[in-house]
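Q: Could you take me on a close look at the salt bridges in this model? I'd like to know who pairs with whom, and what surrounds them.

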Amino acid sequence: MAGGFVDAGNLKRAHLYEYKITGYFIFACIVAALGGSLFGYDLGVSGGVTSMDDFLVEFFPDVYRRKHAHLRETDYCKYDDQVLTLFTSSLYFAALVSTFGASYVTRSRGRRASILVGAVSFFTGALVNAFAKNIAMLIIGRCFLGAGIGFSNQAVPLYLSEMAPAKVRGAVNQLFQLTTCLGILVANFINYGTEKIHPWGWRLSLGLATVPATIMFVGGIFLPETPNSLVEQGKLEEARRVLEKVRGTTRVDAEFADLVDASNEARAIKHPFRNLLARKNRPQFIIGALAIPAFQQLTGMNSILFYAPVLFQSLGFSNDASLFSSVITNAALVVGALISMALVDKFGRRAFFLEAGTEMFFIMIAVTITLALKFGEGKPIPKGIGIFLVIAICLFVLAYGRSWGPLGWLVPSELFPLEMRSAGQSVVVCVNMIFTALIAQCFLISLCHLKYGIFLLFGGLIFIMSAFIFFFLPETKQVPIEEVYLLWQNHWFWKRIVGPGPSSASQV
């Protein structure tokens, strides 16, 4: 058929894999997943800080004056300031550059090393921002934060996918998204409290980013390296020992053999980034490295996360109300992540992408129509319309939180073979950060000029990306990570590029 379905039953040794969920495995995954809290805390805190009056008075007085000249009015252009948005987006430009350094560290020194480097860099950035005296210090601090996120986002999804047994890999990998969501939610609560501390509450919000960085660094010291990475480094005895410990059994011959086979193939690859472009790796490169990380940002979700307080203030909410509304929407994000963790290994990745994509499309259309009819005339927004917009955005966030949010990191981390996994994940993070930075830099000016049309644009993009998933992404649930390549050989479209596999006749 013309969908993305293939038969995942004809794999090599997957049926021989054995595992138990051990305390050692749980500890390793929880500590590693804390890398998501760095990303999440920054997403949540930056939008709140940029709406705080004390912060604006000190660094962006023109924006402060424009905001208070239209305090109770609906105005798409209140916060249109490119230096203000550079405060947010500079982090993501730094992250996309640092991820290539992270690729080298992750491949040569291991996933754990990149996690530790990320924690140190993020801690440094948080300190610089907390004591910033001018815009230059703010931007420098953001660059350190960005480097930390570049390293942690490159290593953590790989770490979780490699540590997890195939049958629960979806839920385990989504610990990264869950901690990201929790980081956002905690940051919202902190902003809600520090906004009332004058004039240095914003410094406390930015400085508290040192807490998740410290926890991740201390926990990372005790973190085991993944068996895949140890095999890649030639430490076979240690790799087998760790594999037995995380699987809770000595019967790991089949899985260990697959790891060794993958590592032998990887050693033959001297230029992993160049190998990404090879014909046999075309599906992973197009879907995993380019399309999914770009699409994740083009949903418009991170614009809502960055600027939720700013957006709600632009919609006529008071400062307290706007911060509280962003707390509500980010609580919906956490609920969405929990739903996805519980059900993604049962219903599969495609089902969540397509169901939530449909819902997000219709919500964007509804928001567009509402804003076109009732907003932007310089008058306070009616209470009923305001409540509707908050509910609509919450439903949108809930849909994103169980689909593009977690799956945007999970699916790419599943697709790449070992020889190009680190390089592939670097491109994933790089593309993600490029689009994150561009959206962050362009959203407020686009909101100013396109007005409600910006939400219609995001709706159209969601329709396109959902169609892409339907036609081109095969289902990866419960497929061992070293055998995912077999799916391309049995896919209705990709087998024309990589060549058919022995089981292509079983395609449905």
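**A close look at the salt bridges**

A: Let's begin with a pair that is out of sight: Arg 349 and Asp 345 are both buried. The two form a salt bridge, and their closest N and O atoms are 3.0 Å apart. Please keep in mind that this is a predicted model.

Next comes Arg 402, which forms a salt bridge with Glu 355, with 2.8 Å between the closest N and O atoms. This pair links distant parts of the chain: Arg 402 sits in the loop between helix 20 (383–401) and helix 21, while Glu 355 belongs to helix 19 (residues 349–374), 47 residues apart. Their surroundings can be told from the accessible areas. Arg 402 has a relative accessibility of 9%, and because buried means under 20%, Arg 402 counts as buried. Glu 355 counts as partly exposed, at 38% relative accessibility.

Some charged residues go beyond pairs: Arg 107, Arg 111, Glu 162, Glu 232 and Arg 421 are joined into one network by salt bridges that share partners.

How many salt bridges does a search of the whole structure find? The search finds 16. One of the pairs is Glu 414 with Arg 169, whose closest N and O atoms are 3.0 Å apart. Glu 414 lies in helix 21 (residues 404–415) and Arg 169 in helix 8 (residues 169–173), so this salt bridge ties together parts that are 245 residues apart in sequence. Is Glu 414 buried or exposed? Glu 414 is buried, with a relative accessible area of 0%, and Arg 169 counts as buried too, at 1% relative accessibility.

Back to the network for a moment, since one of its members, Arg 111, also leads us into a helix. Arg 111 is among the buried residues of helix 6, along with others including Ser 114, Ile 115, Leu 116 and Phe 122. Helix 6 covers residues 111–130, and its 20 residues should span 28 Å at 1.5 Å a residue; the end C-alpha atoms are 29 Å apart, which agrees.

Ile 115 then takes us to the nonpolar interior. Ile 115 is one of the residues with the most contacts inside the largest nonpolar core, which has 132 residues; Phe 55, Tyr 159, Leu 160, Ile 287, Trp 404 and Met 433 are also among them. Helix 22 (residues 421–450) gives the most to this core, with twelve residues. As for Leu 160, its contacts beyond neighbours within four places in sequence include Cys 29, Ala 32, Val 172 and Phe 176.

Technical notes
Residues are numbered from 1 along each chain as its sequence is written. This is a predicted model: local features need pLDDT of at least 70, side-chain atom pairs count only at pLDDT 80 or more; totals for chains, interfaces and linings use all residues. Side-chain values use heavy atoms; hydrogens and water are left out. Helices (H or I, at least four residues) and strands (E, at least two) are DSSP runs, numbered from the N terminus. The expected span of a helix is 1.5 Å times one less than its number of residues. Buried means under 20% relative accessible area, exposed over 50%, partly exposed in between (1.4 Å probe, protein chains only). A nonpolar core is a set of buried Ala, Val, Leu, Ile, Met, Phe, Trp, Tyr and Cys residues joined through side-chain atoms within 4.5 Å. Contact means heavy atoms within 4.5 Å. A salt bridge is a side-chain nitrogen of Lys or Arg within 4 Å of a carboxyl oxygen of Asp or Glu.
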